[in-house]
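Student: Please show me the structure, and let us then discuss its surface and its interior.

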Amino acid sequence: MNRTFVVDWPFVPPASVRPNSGHGHWRPHAAAVAQVKESFGWRVREALHDYKDGIPLDPVTVQYTAHWCGRQIDEDNLIAGMKSCLDM
């Protein structure tokens, strides 16, 4: 049974967590990743609170929908930038 589970995260991953941006020192990169994970984690908790069929434990398909405001990011860089959200 396919169920839809939507997490709305209205941000494009910051440049500091995207691979093509050049990370520099590990500490600022780690801090940015932690901030992205925390922000996305709260969005997931919010969505699970409204999910009436129980928490989905089966493998899921992830679909990204990006809305640009400014310079676009190529698709591969966007997906790689969202990796910290999937690693939570």
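Student: How much area does the protein chain expose, and what share do carbon and sulfur atoms supply?

Tutor: This is a predicted model, in which local features need pLDDT of at least 70, side-chain atom pairs count only at pLDDT 80 or more, and totals for chains, interfaces and linings use all residues. Residues are numbered from 1 along each chain as its sequence is written, and side-chain values use heavy atoms, with hydrogens and water left out. By the Shrake-Rupley method with a 1.4 Å probe, where for residues only the protein chains shown count as cover, the exposed area is about 7100 Å², and the carbon and sulfur share is 53%.

Student: Which helix gives the largest share of the largest nonpolar core?

Tutor: A nonpolar core is a set of buried (under 20% relative accessible area, 1.4 Å probe, protein chains only) Ala, Val, Leu, Ile, Met, Phe, Trp, Tyr and Cys residues joined through side-chain atoms within 4.5 Å. The largest one has nine residues: Trp9, Val17, Ala32, Val33, Val36, Phe40, Val44, Met82 and Cys85. Five of these residues come from one helix (a DSSP run of H or I, at least four residues, numbered from the N terminus). That helix is α1, residues 26-49.

Student: Which residues does Met82 touch, leaving out those up to four places away in sequence?

Tutor: Met82 is itself a member of the largest nonpolar core. With contact meaning heavy atoms within 4.5 Å, its partners are Trp9, Pro13 and Tyr64.

Student: Why does Val62 count as partly exposed?

Tutor: Val62 is found in the loop between α1 and α2 (75-81). Partly exposed covers the range between buried and exposed, the latter being over 50%. Val62 falls in this class because its relative accessibility is 41%.

Methods. Helices (H or I, at least four residues) and strands (E, at least two) are DSSP runs, numbered from the N terminus.
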